[in-house]
Each structure stands twice: as structure tokens, then as C-alpha cells.
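Good morning, everyone, and please bring the structure up on your screens. I would like to walk slowly through two of its sheets, strand by strand.

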Amino acid sequence: MQKCSIFFALITSIAMPVVAKADEPAPISYYKDIRPIFQQHCNGCHQPAKPLGGFLMTTHGDLFKAGERGKIGVVPLKPNESYLVEQIKVHDNGKSEMPKNRDPLNPIQIKQIADWIAQGAKDDTPASAKVAIVDASNPPRYSAPPVITSLAFSPSGKTLAVTGYHEILLYDSSTYSLQSRLIGISERVQSIAYSSDGKKLAAVGGAPGRFGEVQIWNPETEKLLISSPVTYDTIYGLSWSPDGKAVAFGCADSTVRAIDPLTGKQTLQMGTHSDWVLATTFAQDGLHVVSVGRDMSMKLTEVATQRFVDNVTSITPGALKGGLMAVDRRPSPEVIRTYHLFGAVLKSPAPKRMQKVPPDTPGVPPQVYDEILSAGSDGVPRLYKMHREQKREIGDDANKIREYEKMPGRIATVMFNADGSKFAAVSSLDGKGEVRVYDVNSAAKIVCEKVTGPVYAVAWHPSGKLIASSGFDGIVWLHDPATGKLVNSFVVLPKTNKTGAE
């Protein structure tokens with residue numbers, strides 16, 4: 001009987017979990033509790049590419065160093081002597097020094113950080129989760145070309161931006177030699193785009209399952225201007241507003257969002273999608289943004305009110321086969337030049353397809369409708385009117401203007417040329433890819449030659465005489481869009497030395 005009692009006591013002692021005393025805070029994990037807070041609220045301004053105050057927070061070891069003011073960020077066991085705690089503390093006016101230009105951390109987060117420091121500020125990151133530091137002094141090293149998800153020519157046409165691992169690679173478009181590497185904290189860079197004046201280069205991406213990030217770079221100085229953490233997963237499909245005052249993008253949490261590229265502050269959030277949002281584009285007047293996603297829908301959002309307006313595509317079940325991955329707005333240069341003159345008449349006639357009121361109507365601003373191209377899993381590019389002009393009927397697809405010949409596999413990207421007369425589309429299926437150029441009005445197509453693998457990205461040179469495309473195998477192809485002939489190609493595989501140059 002005594003042996004049974006001893007055995008029972010032993011089993012009970014093994015099974016019972018260790019519980020903190022009532023007057024002691026529960027153990028805080030750096031990896032599970034603290035690191036996600038820093039990633040979401042702090043790393044944007046305290047990373048190697050943008051070390052605000054000379055203080056880094058991207059690794060555990062950085063936290064114990066002093067910034068420009070000479071104060072130690074984290075002093076183990078002493079939260080009251082840790083400058084980090086002082087900076088995140090909320091004052092009587094409801095504000096805190098950090099995060100800069102953002103709302104303060106909530107009381108639970110602040111307490112977690114202070115308790116973690118009081119408990120010794122230990123690093124419990126699993127060995128399997130530790131990765132090598134990647135920054136300008138230790139750039140990514142490639143054993144094989146990266147999968148390229150996005151391409152963008154600068155408005156001058158002198159530079160081609162290419163996505164890589166943790167970075168954007170800038171190539172001289174006359175020699176296709178590597179000029180510079182813009183290295184950030186996002187492991188995946190999903191989408192890039194220049195502002196209309198070419199002075200800024202935006203990128204969205206993140207680390208899957210951990211954080212999303214919007215980056216705004218000055219490509220000339222290679223300086224990271226804004227790093228804005230968004231959500232807890234990679235983000236996709238960025239677009240600039242025509243006036244350059246907003247950057248929109250899609251999120252894996254089914255929202256469409258936008259930020260101010262000068263401050264990083266969020267200015268729009270719309271949550272009507274029911275699955276990942278993969279691409280966005282603005283109306284030419286900047287008043288609306290269109291988004292597409294895995295939920296097989298294309299949705300219209302009013303920017304000023306953040307209000308969902310309409311499903312541009314049919315809402316009838318089965319009308320669309322598979323999710324949408326790509327969208328672009330058809331340029332109309334003649335309208336853009338005059339549309340900003342609100343309250344005035346058009347200086348030159350707009351194309352008939354763009355007019356909704358006579359251009360000589362006194363006191364009425366020019367009103368135009370945009371045309372939107374979308375594509376995705378079913379491989380069929382479709383052209384739509386952005387704004388509905390007739391009453392919705394169940395089962396209708398009234399906004400659709402026309403469909404184009406189906407491509408093999410799923411279409412990852414579509415892009416109009418500068419005058420809106422043509423568009424390029426790229427697709428992939430069973431380890432192969434295709435690049436096509438369509439005439440918008442006649443639907444005639446050109447298939448580009450010598451494409452060797454799945455294609456995910458395409459970009460028009462501003463001259464309209466060249467398109468760049470790339471994808472799975474890391475080769476960038478340069479084609480003549482009029483003939484489909486391969487003009488040039490190069491492999492994205494930087495050879496890195498100690499300075500980070502090729």
C-alpha cells in the first residue's frame with residue numbers, strides 16, 4: 001500500500017505542470033511573445049536598412065546595445081533602466097515616444113516586454129528557426145537564380161528593377177549590368193512599382209506567417225524611406241495612386257489596404273473579400289481602387305470613405321473559374337491630361353469609350369469610366385468597365401466588355417502599354433510558361449519566342465518597344481512586342497563580394 005502511494009505521488013508530481021507563483025508574472029517567451037511585437041511595430045524603423053536612432057531591433061543581440069544617445073536598449077533584469085521601456089511607455093497625454101508616428105503599444109504588450117526584461121531577457125529562439133543575418137554588409141548569396149515575382153522599368157526606361165531574395169536588384173537597361181541592391185527585412189518581395197515621377201520605388205512582401213511589409217525606397221540614393229509592417233503574413237499586388245499620395249496592396253487576411261508613402265500611415269482598409277487579395281489598381285482619377293483575389297471576384301472600393309462599392313465581375317456562382325491573380329487599369333493619356341481640371345471642360349475630346357457626359361457641359365467636371373483587365377487561374381484575360389452603368393441582374397456580367405484567347409495555365413500578371421492599345425500577359429503550366437502580347441481592340445496576339453520556364457512577371461519599357469518577363473528559372477527575357485522575337489536575356493545571379501557589389 002505504501003509503495004502504491006509513493007508511485008502515485010511520483011506520477012502526480014511528473015504530470016503536474018510548473019505554475020508560477022501568484023505574485024510572479026508568467027514566463028515570457030522572446031520567440032513567441034516579444035519577437036512578433038517587435039516585427040509588427042518596431043523593425044520597420046530599427047533595421048539595418050533604416051537604423052533610426054542608431055538602434056537595431058532585428059536580432060536578439062542588437063537589443064543590448066546602445067543607440068545614438070548612448071543609452072542601452074535592454075538591461076537584463078532591470079526594466080526600469082532599459083531605454084526601450086522608457087521609449088514605449090505611455091504618458092499622461094496618451095502618447096509614447098515609440099513606435100514613431102504610430103499609436104502606442106497596448107498595455108498588455110508593454111507589460112510583456114517589461115516582464116520579459118525583468119525575467120532576464122533570454123533568447124529562447126529554437127535553433128531550427130535561427131537564420132543568417134541579411135543586410136547591406138552581408139547581402140544574400142545565391143546558389144541558384146531566384147524565383148522572380150515582379151519586374152518594373154523606371155519611368156525614364158534607364159533602369160529595370162527585379163525582385164530577389166530579401167532584396168530588389170536594379171539593372172542598367174542599356175547593358176543589363178547590376179547597378180545596386182536594395183536589401184530589406186522581407187524575405188519575399190512579391191510586387192514592385194515605381195512612382196510616376198520615378199523618384200520612389202515601392203515594394204510589398206514579408207515573411208510568410210510572420211509579417212507583411214511595405215517598403216518605399218529612393219532608388220537613386222538607395223535609401224529606405226519607409227518600412228511599414230502590415231498584418232502577420234506576406235502582402236501582394238501593390239499599385240500607386242496617380243497622384244503618388246497612396247500605395248494600395250492586397251493582404252492574406254482578405255483585406256485591401258493603402259498607406260501614405262510619406263509617413264507609412266494606413267489610409268484605407270476594406271474587408272469585403274473572402275480570401276487572399278492578390279492585386280490592386282487605382283482608377284485614373286484616384287478616387288477608387290480595384291482589387292482581385294482568390295475568392296474569384298474583382299471589387300471596387302471608394303478611397304475617401306474606404307467603402308466597398310460593387311463587385312465589378314459577376315457574382316453568380318460558377319461564372320468565374322478559379323481565383324483572380326492579376327489586374328491592370330487601361331491607360332488613357334488624353335483623358336489623364338485634362339481630368340484633374342475639376343469644374344472645367346476637357347481641353348481636347350476624350351475617346352468616345354471614355355465619355356459619360358458631353359465634354360462641353362458647363363460647370364460639370366469631365367466624367368469618365370475606366371476599363372480594367374483581369375486574369376487568373378482559368379487563363380482567360382477579360383476586359384471590364386470599372387463602373388456599372390445598368391441595374392444589376394442576378395446572373396449578369398454586364399460590366400464585361402470582351403474576353404481574349406485563353407492562355408495555357410494560370411495568368412500571374414497582366415500589364416498595358418503606355419497608350420492602352422496593347423497588353424502583355426504571362427502564364428505557367430506544368431513547368432512551362434508563355435508570354436503573349438494582345439491587341440486590345442482586335443484581340444490579335446503575338447506569342448513571344450524562346451521562353452524556357454514558368455513566367456510570373458512582365459513589364460513594358462516606357463518606349464513601348466520592349467517587354468521584360470521572368471519567373472521560376474530566374475532568367476529575364478527581353479522581347480520585341482511587335483514580333484515576339486527575343487532581343488536579349490540575362491540570368492539574375494549576383495556574384496557577391498565583401499562590399500555587396502557584383
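Before we start, a strand here is a DSSP run of E with at least two residues, numbered from the N terminus, and two strands are said to pair if DSSP finds at least two bridges between them. This is a predicted model, in which local features need pLDDT of at least 70, side-chain atom pairs count only at pLDDT 80 or more, and totals for chains, interfaces and linings use all residues. Residues are numbered from 1 along each chain as its sequence is written, and side-chain values use heavy atoms, with hydrogens and water left out.

In general, the strands of a sheet pair through backbone hydrogen bonds, in either a parallel or an antiparallel way.

Let us take one open sheet of 4 strands, which runs in the order β26-β27-β28-β29 with antiparallel pairing. Its edge strands, each pairing on one side only, are β26 (455-460) and β29 (486-491). Neighbouring strands are turned against each other by 20° on average, direction ignored, where the axes are lines fitted to C-alpha atoms and angles run from 0 to 180 degrees between N-to-C directions. Inside this sheet, β27 (residues 467-471) and β28 (residues 475-479) are joined in the antiparallel sense over 3 bridges, and Ala468 stands opposite Leu478 in β28.

Now please look at the open sheet in which 4 strands follow the order β22-β23-β24-β25, where the pairing is antiparallel. Here β22 (410-416) and β25 (445-447) are the edge strands, each with pairing on one side only. Which strand pairs with β23 (residues 422-429) over 8 bridges? That is β24 (residues 432-439), in the antiparallel sense, and Ser428 stands opposite Gly433 in β24.
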